[in-house]
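Reader: I'm new to this one. Could you walk me through it, one question at a time?

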Amino acid sequence: MLKDRGVDVIFGIPGVHNQEMYRGIEEAGITHVLARHEQGAGFMADGYARATGRPGVAYVITGPGLCNIMTPMGQAYSDSVPMLVISSCLDETAARRGQLHQMKDQRAAAETVCDWSHEARSAEAAYALIDRALVEFETERMRPKHVQVPIGVLEGMAAISPYASRFERWGPQRPQRDEYASTQVAKALKEARRPIIVFGGGATLMGRTLCTKLAMASKAATFETYAGRGLIGPDHSLHLGSMLARPDSASVLATADLVVVIGSELAEVDLWRKELGHSCKTIRIDEDPENLAGLPQEEVEAFCVSSYPMMEATWELIKDAEINTDWSDEEVIRLRQRWRAEVDAEYPGVLPVADALKACLPDGTMIYSDMTQFAYASKEVWDMDEPGHWHHPYGFGTLGYALPAAIGGAVGRDGQPTIAIMGDYGFHYTMAELGVAVELGLPIPIILWDNGKLGAIEASMVGAQIAPNAVIARNPDFVKLAEAFGAAAVKPGSLDEMQAAVRQAFSAAGPTLIHVTPDIA
């Protein structure tokens, strides 16, 4: 059924409890990627889904296997990633105690970090739940699902799935064009003198061309959230980048007379403050009604529609209009220069390395980053050439994400460039997955930013007037460690050497760990 529905890769770890799920995988023509830890399997499925737009599927065992993958499930939930986790479960837990891998309520535990979690007590139920998950990935906001199947059911006989041929009948069913909404947005943009448009990750389906055309036709200043980076091209000179988290951006938004927010929750991890900062009329466009609930009606006009058809219609209404605003190229340049200087001061030594790295990446490189100062700084100043090509554990904020997610992305984008960016401490979480990249021969450069400590935590403690404690861990010789896994490894002594190592890594026979320290610049 999975193969008929477009699944060609499964990430996971077999065990006695779920071994029946592995019967027939090769015969079906599905590739299984053996992770070193269920957390790694989950992040691989996440990275695969982000890279391909198709669901990432993971197999795990009862109890600890499910618990280990709950962190990736929580990350996928916060970042709207289509992940399907299929686990085994015990046949009976109320009347029998002390069984291998037993939990009080495994299904309920999984439900805390995913869209829904259900137990399939028959083959027919398993087919129906998987069908439901796949259909919802196509028609609703994409969030992880969990299906667990009792061991006894897995060991039973079953007929072929009745849902195997339904996939072609389903296409996107999200809310479509709303003529009233388009007219209202177009009218507001025509009348505004200081409009600002905020593009979020939910606007990615609009594509860079439409987003840039809309921004240029409206002559609005624009921001991107971190998840929306790359939606505005260099032709739009009024683009303020992904600088919403700069404290001073609130004062800029306070000067607006119209704010249009497309596909963003404006969550804490987008702003790092409670309010956007504006006091003018606001238009919110989002396909998820949850994001539009609780807004003050006297200040906000909200439209629950798919962004692409609506904003395409909006652009058609304003593209030939005579629109003039009070924004100037000079004002935007000054703001961006000031904010870049702030980032440079907050994260000493990062930006020269980030600039050098950006300059040596081939077109179309997909980037996976971890919770590390290198990524925090880069996300603000690194303008992406296209959307959907920098993936970061935004909402849940999980350490250890980048390496396994990059493996999943590289598997899904066979032959296309993929890179991982990690901090020294985050690498400890999932370093074992380096063995998977070696086994698969994936040419992934792994930028290991090593400042020898939990730098962001240390800075936070100092800012809170707490004596820094437990922020330094003894690191191994990372180059030797990578070589022990069978990977290539290098510690460049200059930015030029780092660039050469990155270029060479993309054509290597396996992964390359590139150990970078702040003194390289």
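Reader: Which unit do strand 5, helix 5 and strand 6 make?

Author: Keep in mind that this is a predicted model. Strand 5 covers residues 116-119, helix 5 covers residues 123-139, and strand 6 covers residues 145-150. The two strands pair in the parallel sense over four bridges. Put together with the helix, they make a right-handed β-α-β unit.

Reader: And which residue in strand 6 does Glu119 stand opposite?

Author: Glu119 falls within strand 5, residues 116-119. Look across to strand 6, and the residue opposite Glu119 is Gln148.

Reader: Is Lys145 buried or exposed?

Author: Lys145 lies in strand 6. Buried means under 20% relative accessible area. Lys145 has a value of 0%, so it counts as buried.

Reader: Which side chain does a polar contact of 2.5 Å join to that of Lys145?

Author: Leaving aside neighbours within four places in sequence, Lys145 is in contact with residues including Cys114, Asp115, Trp116 and Phe137. The 2.5 Å polar contact links the side chain of Lys145 to that of Asp115.

Reader: What about the largest nonpolar core: which helix gives the most to it?

Author: That core has 53 residues, and Phe11, Met73, Ile407, Phe427 and Ile444 touch the most other members. With seven residues, the one that gives the most is helix 2 (residues 38-52).

Reader: How many residues are in the other core that lies apart from it?

Author: Among the residues of that other core are Cys280, Tyr347, Ala354 and Ala356. It lies apart from the largest one, and its count is 52 residues.

Technical notes. Residues numbered from 1 in each chain as written. Predicted model: local features only at pLDDT ≥ 70, side-chain atom pairs only at ≥ 80, totals over all residues. Heavy atoms only, no water. Buried < 20%, exposed > 50% of the residue type's maximum accessible area, 1.4 Å probe, protein only. Contact = heavy atoms within 4.5 Å. Polar contact = N/O pair within 3.5 Å; in protein donor to acceptor, adjacent residues only side chain to side chain. Pairing = 2+ DSSP bridges. Right-handed = clockwise from strand over helix to strand, strands pointing away. Core = buried A, V, L, I, M, F, W, Y, C linked by side-chain atoms within 4.5 Å.
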